Amino acid sequence: MTKRVVLIGHPVAHSLSGAMQQAAFDSLGIDAAYELWDKAPIELTDAIGELRGDGFLGANVTIPHKERVVPLMDRITEEAHATGAVNTITREGKRLVGHNTDVPGFKVALDKLVGKQKMPRHAVLLGAGGGARAVVHGLITEGFQRIIVFNRHLHRAEGLVKHFGRSASHMELRAMPWHESIIEAELSKTKILINATSIGLTTDESPIPAEILNSDLMVLDLIYAQTRLQSDAKAAGAAVSDGEAMLLHQGAASFTLWTGQPAPLDVMGAALATARAGGLRSAEGEPTGEPVAVEPAVEAAAGDAG
Ligand code: NDP
């Protein structure tokens with residue numbers, strides 16, 4: 001019987017993940033179909049309940065549900081616990097396990113950007129949403145000693161810092177107000193700049209002015225389209241990567257969790273490129289809006305994390 005893997009989001013009409021994962025199943029002869037489930041928040045609990053059936057290998061979860069599904073899991077991994085978000089679900093019998101593969105996806109993207117150079121220890125991060133949480137956890141576990149977070153709404157950046165309080169107790173993780181002069185001062189002290197805002201996704205805007213970029217920077221933009229920030233950073237002589245490697249490697253990690261097999265990266269990368277050329281955008285491409293309040297039940301589930 002064909003096994004099912006579903007992407008649960010709202011909206012999910014166009015998904016790069018679908019093209020990438022189906023190509024991977026087909027290339028390895030795995031009898032599985034990747035389906036898109038557009039579920040409004042009110043339908044989420046029932047949708048997750050369905051996944052307990054034998055016909056499912058698991059699921060991906062995307063905006064706006066990554067945080068909401070946490071209390072619906074029977075167990076969550078350390079990365080899902082640390083970020084407070086689940087983007088991949090696997091089954092252990094009838095039990096559901098929540099994972100966060102954005103974290104390993106980000107780490108691969110960062111490694112590729114830094115290349116053979118020594119991994120820096122300081123980073124400036126723009127944004128404080130779900131993507132930013134995966135970035136912060138990745139940077140902390142990579143051994144960064146100083147991470148400065150700028151966000152339009154400062155309280156959200158402060159919430160992020162508080163969330164990581166314990167795991168960042170040995171290093172400096174700070175939220176700072178979004179002022180160009182402060183960002184410029186911080187950029188002069190760092191080599192790594194990460195954009196985890198959605199600015200530039202649908203418009204030709206950059207989160208920061210071109211003049212404050214410099215050639216010493218390595219810039220990782222989580223957005224996987226060409227953006228103004230990326231072109232400004234290249235023009236300034238900086239090393240630049242977009243979000244494609246993160247998207248590919250989070251997908252590869254999910255594939256391995258569902259199937260137990262190494263992901264066919266070449267096949268997935270080619271499918272991603274074809275889908276992008278055809279104008280598809282990932283469901284990840286839509287900003288999620290306001291953060292979801294974390295229910296007390298999340299903490300209970302988190303305490304059970306394995
Ligand atoms: P969220 O909606 O959770 O966060 C959006 C962030 O963008 C917030 O920090 C928000 O600030 C900021 N923002 C949005 N609009 C503006 C604006 N006009 N001015 C200033 N700040 C703004 O989204 P995610 O964290 O899930 O995603 C963020 C980006 O990262 C998206 O573009 C997404 O495509 C990308 N991403 C890529 C991944 C990959 O695999 N490559 C994985 C995950 C995300 P505020 O809090 O003040 O509203």
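Biologist: In this predicted model, where is Pro-64 found?
Modeller: The peptide bond that leads from Ile-63 to Pro-64 is cis, and its omega is near 5°. As for its place in the predicted model, Pro-64 belongs to the loop between β3 (56-61) and β4 (75-76).

Biologist: Which peptide bond is cis, with omega near 10°?
Modeller: In general, most peptide bonds are trans, so a cis one deserves a careful look. Pro-11 sits in the loop between β1 (3-9) and α1 (16-27). The cis bond with omega near 10° is the one from His-10 to Pro-11.

Biologist: How many residues apart are Arg-4 and Glu-35, which link distant parts of the chain?
Modeller: The side chains of Arg-4 and Glu-35 meet in a salt bridge, with 2.7 Å from N to O. Arg-4 belongs to strand β1, whereas Glu-35 belongs to strand β2 (residues 32-38), and along the chain the two are separated by 31 residues.

Biologist: Is Asp-54 buried or exposed?
Modeller: Asp-54 shares a salt bridge with Arg-91, at 3.1 Å from N to O. This pair links distant parts of the chain, with Arg-91 in strand β5 (residues 88-92) and Asp-54 in the loop between α2 and β3. Arg-91 has a relative accessible area of 23% and is therefore partly exposed. Because the relative accessible area of Asp-54 is 51%, and the cut-off for this class is over 50%, Asp-54 is exposed.

Biologist: What is the relative accessible area of Glu-92?
Modeller: Glu-92 forms a salt bridge with Arg-75, and their closest N and O atoms are 2.8 Å apart. The two residues lie in separate strands, Arg-75 in β4 and Glu-92 in β5, 17 residues apart. Arg-75 is partly exposed at 22%, and Glu-92 is likewise partly exposed, with a relative accessible area of 38%.

Biologist: Which residues do salt bridges that share partners join into one network?
Modeller: A search of the whole structure finds twelve salt bridges. Where such bridges share partners, they join residues into one network, and its members are Arg-146, Glu-172, Arg-174, Glu-186 and Lys-189.

Biologist: Which residues gather in a patch of negative charge on the surface?
Modeller: One of them, Asp-46, lies in helix α2 (residues 44-50). Asp-46 counts as exposed because its relative accessibility is 63%. The residues that gather in this negative patch on the surface are Asp-38, Glu-43, Asp-46 and Glu-50.

Conventions: Residues numbered from 1 in each chain as written. Predicted model: local features only at pLDDT ≥ 70, side-chain atom pairs only at ≥ 80, totals over all residues. Heavy atoms only, no water. Patch = residues over 30% accessible without salt bridge, like charges linked within 9 Å, V, L, I, M, F, W, Y side chains within 5 Å. Areas by Shrake-Rupley, 256 points an atom, 1.4 Å probe, with all protein chains shown as cover. Salt bridge = Lys/Arg side-chain N within 4 Å of Asp/Glu carboxyl O. Lys, Arg positive; Asp, Glu negative; His and termini not counted. Charge placed at Lys NZ, Arg CZ, Asp CG, Glu CD. Helix = DSSP H or I, 4+ residues; strand = E, 2+ residues; numbered from the N terminus. Buried < 20%, exposed > 50% of the residue type's maximum accessible area, 1.4 Å probe, protein only.
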